[in-house]
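Here are some short exercises to work through with the model open beside you. Try each task on your own before you read its solution.

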Amino acid sequence: MGFWGEARGLDERDGVKGVRGEFLGVGGGVVYLDGNSLGRVSSGVRGGVVRVLGEWEGDVVEGWHGWLGVGREAGGFIGRVVGAEEGEVVLSDSTSVNLYKLAVAAVEMQKGRGRDVIVVDRDDFPTDRYVLEGVARERGVEVRWVQGGIDEGVGVGDVERVMDGRVGLVCLSHVAYRSGAVADIRGITEVVHRHGGMVLWDLCHSAGAIEVGLAEANVDLAVGCTYKYLNGGPGAPAFLYVRRDLQDVLVQPIHGWFGQTDQFAMGDVYEPPKAIERFLVGTPPILSGVAALEGARISARVGIGPIAEKARALTGFALKLTDAWLTPLGFRVASPRAAERRGAHLTLHHPQAWQMCQALKAAKVIPDYRPPERLRLGFAPLYTRFEDVYTGLSRLRDIAAEGRHLTYPAVPRGLT
Ligand SMILES: Cc1ncc(COP(=O)(O)O)c(C=O)c1O
């Protein structure tokens with residue numbers, strides 16, 4: 001049958017293939033393997049944005065009666081996708097700002113219990129490291145680094161080794177941004193709780209890609225973006241999750257009027273509600289909020305089970321092609337091989353990964369480059385076909401075999 005026949009067969013049997021037609025631009029001749037950076041636009045998102053433009057035109061300020069509920073409604077869809085309970089997720093600000101708000105709230109609560117250490121992954125996404133180091137400096141606590149390796153990610157044992165009675169908060173990414181390694185969210189959360197700490201998970205690379213199971217894992221806090229696998233569009237607002245029992249006790253540091261009880265009473269004193277809305281700050285961006293809502297609606301409708309199953313099948317097929325075609329040409333798989341440890345992207349190490357990336361783009365395949373020397377291929381399950389995986393990887397094989405990448409300049413100094 002060959003790999004092409006296998007790809008066609010897998011596409012035939014794909015349980016979520018019907019959704020691909022809802023995405024715009026998919027038939028444009030480009031093999032898009034970067035939905036893990038920016039997802040595609042759907043007809044639902046376009047319709048939602050056009051609808052709000054019409055409401056703005058017709059209703060002007062009266063439109064707010066409907067728009068005020070966008071963040072919670074989107075939070076409902078996202079909550080279903082990440083396995084949270086109703087009322088535990090809301091759309092708000094950016095991932096970086098949400099991380100700051102929730103980290104400060106947790107640090108302040110834990111300081112009151114004599115805990116003054118935040119545990120952070122040395123290899124985590126830059127914004128997480130920068131924000132958390134800033135929080136530590138500002139709030140007079142210490143950062144303690146944990147490191148599991150840039151390809152393997154942080155394991156339960158790595159966390160266990162850094163825990164003691166001083167650790168108040170542990171912040172980690174569920175899926176590592178470089179390699180796609182999936183952390184054991186349940187095991188790590190359990191270890192941290194056993195030592196009296198709280199956990200804050202970054203779900204940017206897992207929301208809409210794989211099962212998260214926040215309630216099942218008894219996670220305290222989480223943040224994530226909506227512009228990757230949730231297809232909310234460039235700069236769409238992020239989401240935050242706070243477990244119900246923590247919503248009355250945590251106090252976030254930015255006391256804005258959207259986080260106030262009876263906001264329009266314009267009261268003298270800040271009195272946040274005992275609800276997820278206490279973590280809001282100011283006027284939300286409704287055009288991109290509606291885009292995030294409509295993007296997340298699709299994932300909630302399809303269900304994270306079938307989405308995650310397809311993600312594992314796509315990366316599994318990509319691994320098979322890599323072993324057959326690319327390993328003999330000097331590529332090394334930098335992502336974990338076990339299905340349960342893979343996110344929805346596959347990362348390949350190659351000394352000339354940067355040039356490979358440029359050559360792929362010229363061949364109408366859009367990948368991503370991440371230093372050091374890694375090619376990141378994202379397989380957004382809602383619209384990526386097995387045929388696309390075949391085409392993308394066969395073009396990469398041909399580029400490497402013919403040395404076409406060598407015609408591109410070496411990686412710029414800052415990106416090595
Ligand atoms: C793991 C992770 N955290 C955070 C961010 C970005 O956060 P923000 O939306 O605030 O730019 C990204 C962006 O790609 C990311 O991959």
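Domain bounds here come from an automatic or database domain assignment. Keep in mind that this is a predicted model.

**Exercise 1. Which residues belong to domain 1 and which to domain 2, and what distance separates their centres?**

Step 1: Take the assignment for the protein, which gives domain 1 as 2-32 + 303-415. Domain 2 covers 46-302.

Step 2: Take the centre of each domain over its C-alpha atoms; the two centres are separated by 29 Å.

**Exercise 2. Describe the area buried between domain 1 and domain 2.**

Step 1: Begin with the residues in contact: 33 from domain 1 and 25 from domain 2.

Step 2: Now turn to area. The size of an interface is often given as the accessible area lost when the parts come together. Between domain 1 and domain 2, about 2,300 Å² is buried, and carbon and sulfur atoms give 54% of this.

Step 3: Look for the main contributors in domain 1. Ile 304, Arg 341 and His 345 lose the most area to domain 2, together 23% of what the domain 1 side buries.

**Exercise 3. How many salt bridges and how many polar residue pairs link domain 1 and domain 2?**

Step 1: For a salt bridge, check whether a side-chain nitrogen of Lys or Arg lies within 4 Å of a carboxyl oxygen of Asp or Glu. Arg 374 and Asp 151 form such a pair, with 2.9 Å from N to O.

Step 2: Across the whole interface of domain 1 and domain 2, the rule finds 4 salt bridges.

Step 3: For polar contacts, the count between the two domains is 16 residue pairs.

Step 4: Find the elements on the domain 1 side. Helix H10 (304-326), strand E10 (345-349) and strand E13 (374-378) each give two or more residues to the side that touches domain 2. H10 gives the most, with 7 residues.

**Exercise 4. In what order do the strands of the 7-stranded open sheet lie, and which strands stand at its edges?**

Step 1: Read across the sheet: E2-E8-E7-E6-E5-E3-E4, with mixed pairing.

Step 2: Look at the ends. Strand E2 (89-91) and strand E4 (142-146) each have a single partner strand, so one side of each has no neighbour in the sheet. On average, neighbouring strands of this sheet are turned by 20° against each other, direction ignored.

Step 3: Zoom in on one pair. Strand E5 (residues 167-173) and strand E6 (residues 198-202) run parallel and are joined by 5 bridges. Within E6, Asp 202 stands opposite Ser 173.

Step 4: Add a helix. H4 (residues 70-82) lies across E2 and strand E8 (239-242), and runs at about 130° to E2.

Note on methods
Residues are numbered from 1 along each chain as its sequence is written. This is a predicted model: local features need pLDDT of at least 70, side-chain atom pairs count only at pLDDT 80 or more; totals for chains, interfaces and linings use all residues. Side-chain values use heavy atoms; hydrogens and water are left out. Two strands pair if DSSP finds at least two bridges between them. Helices (H or I, at least four residues) and strands (E, at least two) are DSSP runs, numbered from the N terminus. Axes are lines fitted to C-alpha atoms, for helices over the stretch in contact, and angles run from 0 to 180 degrees between N-to-C directions. Contact means heavy atoms within 4.5 Å. Buried area is the accessible area (1.4 Å probe) that two parts lose on being put together, summed over both. A polar contact is a pair of N or O atoms within 3.5 Å; within protein, one must be able to donate a hydrogen and the other to accept it, and residues adjacent in sequence count only if both atoms are side-chain atoms.
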